[in-house]
Amino acid sequence: MALIVRLSVLALSLAAMPLAGQGFPGASVLGFRSGGQERLVLSGNVHPAVRDQMPLDRADPGLPMERMVLSFRMRPEAKARLEQLLIDQQDPASPSYHHWLTPDEFGARFGPSQDEIAKVSGWLRDQGFTIDEVASGGMSLNFSGDVGRVEQAFLTQIMEYQVQGVKRHANASDPSIPADLTPLVAGVVSLHNIPRKAANTGLRPLAPGAGFAGSAPLVTSGSKHYLNPGDFASIYNVNPLYNAGVDGSGVTLAIAGRTNPGTANWKSFRTTMGLPNNTPTILLTGTDPGDLGSAEDGEADLDVEWSSAVARNASVVFVCSKSTTTDGIDLSIQYVVNNKLSIANNNYADVLSVSFGLCETALGAAGNTFYSNLWLQAAAEGISVFVASGDSGAAGCDASDQTKVTVQGVNGIGSTPYNTCVGGTEFNEGSGTYWAAGASFNPSISSALGYIPEVAWNEYTATGQSAGLWTTGGGASTVYPKPSWQVAPGVPSADVRYVPDVSLTAASHDGYLVYTTGGSGTGFYQVGGTSASTPAFAGLMALIVQKAGKRQGNPNPTLYQLGNAQYTSGASIFHDITAGTNSVPGLTGFNAGTGYDEVTGLGSVDATALLNAWLGSVTTPVSSMGLLAGRSTVLTAQVTGAISPDLTWSSTGGATVTAGSPSTSATFSAPGPGTYVVTAASTASPLTAATITIQVHPPDLLGSGTTVTGLDILDVLGHYGTSGAAADVDGDGVVGQGDLSIMLNLLGWH
Amino acid sequence: MRRRTLLWCGAALLATFGCGGGSSAPSRSTAPATQLVYPASVADSTAWRLELDTASTSTHLVLDLLAPTGTSGQGFTVVLSTDPGSAVWSKVDGTNYAVQSLFSTSLVNIASVSGGDLRIVFGQAPGTAVSYGANPVVKVELDLAAGATVGDVVLTASQGGNLGAGTTPDQVTVSVGSLVAK
């Protein structure tokens with residue numbers, strides 16, 4: 001049978017007659033004529049897991065292939081306009097700054113036209129397929145049919161293979177489409193049902209005596225430590241934010257999933273950990289996939305519990321799609337980027353966390369285009385996307401739970417320039433004391449004493465039950481050039497996108513506590529992997545979004561701006577990870593080093609420092625000043641950081657403050673003598689503000705007829721900062737800006 | 001405290017009014033002027049002086065205010081006055097009527113025109129006095145006014161002061177050359 005199958009594929013290949021002069025960048029390079037029709041091959045779309053493998057059999061022609069994704073190609077001029085928009089949306093000086101698009105607006109501005117969509121849809125219908133839906137953003141559509149129709153329409157063959165012990169079906173050769181569709185169609189994402197990989201270490205039991213089901217686990221058991229939300233908050237300095245009411249309130253954080261584990265475990269986790277009564281919700285995008293068991297539920301529980309453990313009062317929505325021919329993760333992400341998550345609240349996701357991956361090679365040309373387009377759209381809509389870098393070290397194409405390695409590779413879902421890729425670190429206590437000795441569980445008390453030094457996460461295990469690569473993913477993209485914002489000491493000079501961007505702990509060494517259902521039943525387990533660091537970082541982003549007052553889009557321009565500043569003598573925000581490697585036996589990877597590295601990115605973070613630096617501040621040149629009654633004065637303020645430069649001005653005491661254009665200046669006038677406090681606040685972040693105290697003096701302060709000259713001004717300058725000097729016009733005891741203001745007002749020269 | 005300030009201001013006013021150099025009563029004809037003429041050199045390097053800059057043209061004068069050799073300071077003020085019917089102050093850089101390049105952390109930048117008066121105050125944030133060297137303290141520009149007639153043109157400097165390394169400004173007299181419309 002296998003021989004027949006091979007001959008059949010060969011026959012198909014021979015039937016393909018190359019056409020000269022065809023092809024579009026990044027896709028079709030081979031053309032041929034079939035049935036009187038010119039067609040182009042969409043190359044690079046055979047999954048590597050089956051590329052060199054003998055198929056088991058030909059797939060049943062009647063086998064349903066449902067919700068396949070056809071990815072549209074973005075026109076080059078539209079892509080150029082979109083890239084510029086993304087830059088403008090992150091530029092405080094631009095009118096487009098943080099003005100996000102809806103999916104419909106995105107589709108209208110950058111997607112294919114209705115006629116183009118109709119042309120492609122029409123062709124699919126002509127081939128016998130059903131169009132399930134066209135994404136609101138216009139960059140993809142879902143269609144269904146069966147193996148026979150797929151083979152006929154795309155001139156490929158769907159075969160059955162054994163992939164990591166499971167029977168899968170996949171296309172044996174690159175698909176082709178009519179040549180006149182190739183300017184519109186990038187490819188078909190899902191001609192196989194080989195799943196994306198979850199980036200976790202699997203559920204691991206706690207140490208004997210550390211507690212389990214029905215009882216609270218010990219966060220420190222002997223020499224073993226487990227991470228609870230309080231520990232995380234202590235280590236990464238989140239507590240000052242919680243104390244200031246920054247807990248994710250009002251922010252919607254989406255988690256991409258493909259199983260439906262129910263919410264009971266999440267509720268138990270939150271109750272045991274003393275978290276607010278704010279259980280995450282489940283959003284089904286179609287057919288309920290049901291509970292797929294512990295392997296899948298462990299990932300879902302980890303993602304939901306830890307994103308919501310960090311963003312304690314955020315609305316965490318687990319978006320769940322049943323895997324069809326298309327992986328449920330792809331469908332969930334497609335939904336999040338194209339739909340409101342709550343019609344009632346009229347809100348889109350602010351932050352999205354994805355803990356799944358597939359290396360760029362395995363993702364294939366269509367898959368890479370699909371995700372590039374999705375994350376482009378998400379960025380334009382303001383959604384901050386976090387994707388795990390993977391758990392296979394530099395061997396990103398190899399399974400993390402095995403020890404076989406082939407070549408370097410990075411997670412293609414997370415290597416685009418439009419998302420943040422999250423790597424992993426490992427606490428390195430050494431001989432230091434970083435945990436409270438003998439601490440029993442108390443949800444309100446962290447046993448971690450504070451920040452713990454970190455190294456790159458590398459827990460390669462050669463043998464035994466935990467054998468696997470278990471190392472943070474990272475390296476160089478083979479698909480994307482270096483984005484303009486990827487600038488920081490340590491970023492290699494080659495023109496390629498490097499990942500990860502940032503990291504947090506991902507090691508089983510001090511594993512994350514997760515309440516889930518595993519081999520030992522339902523209770524607490526420990527889990528590691530970039531599947532843990534990613535939702536945790538997404539939770540931190542939710543805090544930033546809350547404080548900023550609106551979505552922030554692609555976090556990377558700001559992250560690298562802050563990182564570059566820090567590593568060239570700026571404020572300390574990132575914990576620079578300088579030790580460790582993501583090399584694994586048989587494959588040399590990269591080493592952690594000063595500044596950026598392809599193992600841990602810019603490093604882990606001090607959450608409070610990150611948020612403060614991210615939002616920036618409103619400052620005024622003076623904090624107090626004097627003014628004569630009856631006069632007005634122009635006040636100015638400066639805005640730094642990522643918050644909107646739009647300011648609102650207000651004053652106590654009924655004074656008038658009229659914002660100028662731009663609103664970084666305002667004209668102040670008071671109804672009479674007195675003390676007035678003027679506030680300049682960011683419209684995006686009302687908590688970010690500066691104040692000026694203005695002492696309005698009676699108009700006869702200096703007596704009528706007094707003439708001030710430039711010499712008087714120089715006298716004030718000469719005594720500036722001194723006390724008790726003659727130039728202390730306003731009598732506040734110090735010569736300063738108030739005196740200068742009065743002098744300038746009297747001088748009337750400005 | 002307020003009384004001391006008032007007294008100081010009054011003393012400064014008395015000391016500075018009328019202490020600038022300048023021309024005497026101008027003589028005029030009705031013939032239209034086509035040139036504005038200013039001496040190539042006004043005083044030596046021991047004096048505060050308003051010198052002709054080589055960038056000047058026959059209708060547009062660029063004038064440099066220079067300090068005596070060895071002078072340093074943190075701020076400077078002067079009022080330059082002319083007859084606006086004959087010569088008008090023009091903006092040096094398109095925005096400001098006077099520019100300085102000595103103080104990198106300026107706290108006061110005033111160059112305001114009212115009628116024929118150009119009032120100047122420049123001062124840095126508190127710090128170390130800057131050596132003026134041979135650089136212009138300020139640079140100003142004059143244009144021949146539309147409808148100007150031939151004759152001498154008023155040009156005076158008054159209320160001059162320099163804030164040196166101390167806390168109180170020194171009064172200074174600025175030597176000004178004779179301005180003539182031809």
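Me: Before any percentages, what makes a residue buried here?
Reply: A residue is buried if 20 or more other C-beta atoms lie within 10 Å of its own, exposed if 12 or fewer, and partly exposed in between. Please keep in mind that this is a predicted model.

Me: OK, so how much of chain B is buried, and which elements does the chain have?
Reply: Of the 182 residues in chain B, 42% count as buried, and the chain contains 1 helix and 17 strands. As for its contacts with a separation of 6 or more, 72% of them are between residues 24 or more positions apart.

Me: Take strand 6 of chain B. How many of its residues are buried?
Reply: For strand 6 of chain B, which covers residues 75–82, 8 of the 8 residues are buried, so this strand is largely enclosed by the rest of the structure. Both of its faces are covered, with Gly75(B), Thr77(B), Val79(B) and Ser81(B) on one side and Phe76(B), Val78(B), Leu80(B) and Thr82(B) on the other.

Me: And which strands does strand 6 of chain B pair with?
Reply: It runs antiparallel to strand 10 of chain B (residues 117–124), to which 7 bridges join it, and Leu80(B) stands opposite Leu118(B) in that strand. Strand 6 of chain B also pairs in the antiparallel sense with strand 14 of chain B (residues 155–163), over 7 bridges, where the bridge partner of Gly75(B) is Leu163(B).

Me: What about Val153(B), buried or exposed?
Reply: Val153(B) is buried, because 26 other C-beta atoms lie within 10 Å. This residue is found in strand 13 of chain B, residues 149–153, and its C-alpha atom is separated by 25 Å from that of Phe76(B), the two being 77 residues apart along the chain.

Me: Switching to chain A: which domains does the assignment give?
Reply: The assignment gives domain 1 (2–74 + 111–188), domain 2 (197–615), domain 3 (616–699) and domain 4 (701–750) in chain A. Taken over C-alpha atoms, the centres of domain 2 and domain 3 of chain A are separated by 42 Å.

Me: Is strand 17 of chain A covered on one face or both?
Reply: Both faces of strand 17 of chain A (residues 351–354) are covered, since Val351(A) and Ser353(A) on one side and Leu352(A) and Val354(A) on the other are all buried.

Me: Which strands are bridged to strand 17 of chain A, and in which sense?
Reply: Strand 14 of chain A (residues 252–257) runs parallel to strand 17 of chain A and is joined to it by 3 bridges, with Leu253(A) standing opposite Val351(A). Strand 19 of chain A (residues 384–388) also runs parallel to strand 17 of chain A, in this case with 4 bridges, and Leu352(A) stands opposite Val385(A) there.

Me: There's an open sheet of 3 strands in chain A too. What order, and which strands stand at the edges?
Reply: The order is 31-35-34, with antiparallel pairing. Strand 31 (632–636) and strand 34 (656–659) of chain A stand at the edges, each with a single partner strand, so one side of each is left without a neighbour in the sheet. Neighbouring strands of this sheet are turned by 25° against each other on average, direction ignored.

Me: How many bridges between strand 34 and strand 35 of chain A?
Reply: Those two strands of chain A pair over 4 bridges in the antiparallel sense, strand 35 being residues 665–669. Val657(A) stands opposite Phe668(A) in strand 35 of chain A.

Me: Now the helices: at what angle do helix 16 and helix 17 of chain A pack?
Reply: Helix 16 (residues 710–719) and helix 17 (residues 737–747) of chain A pack at an angle of about 175°, with their axes 10 Å apart. Angles over 145 degrees count as roughly antiparallel, and the two helices of chain A are therefore roughly antiparallel to each other.

Me: Which residues make that contact?
Reply: The contact is made by Asp712(A), Ile713(A) and Val716(A) of helix 16 of chain A and by Asp739(A), Leu740(A), Met743(A) and Leu747(A) of helix 17 of chain A. By class, this contact has 5 nonpolar, no polar and 2 charged residues.

Me: Last one: where is Thr709(A), and is the residue buried or exposed?
Reply: Thr709(A) is placed in the loop between strand 37 (689–697) and helix 16 of chain A, and it is buried, with 25 other C-beta atoms within 10 Å.

Conventions
Residues numbered from 1 in each chain as written. Chains lettered and ligands numbered in written order. Predicted model: local features only at pLDDT ≥ 70, side-chain atom pairs only at ≥ 80, totals over all residues. Axes fitted to C-alpha atoms, helices over the stretch in contact; angles between N-to-C directions. Parallel < 35°, antiparallel > 145°, perpendicular 65-115°, else oblique. Contact = placed C-beta atoms within 7 Å. Nonpolar A, V, L, I, M, F, W, Y, C, P; charged D, E, K, R; others polar. Domains from an automatic or database assignment. Pairing = 2+ DSSP bridges.
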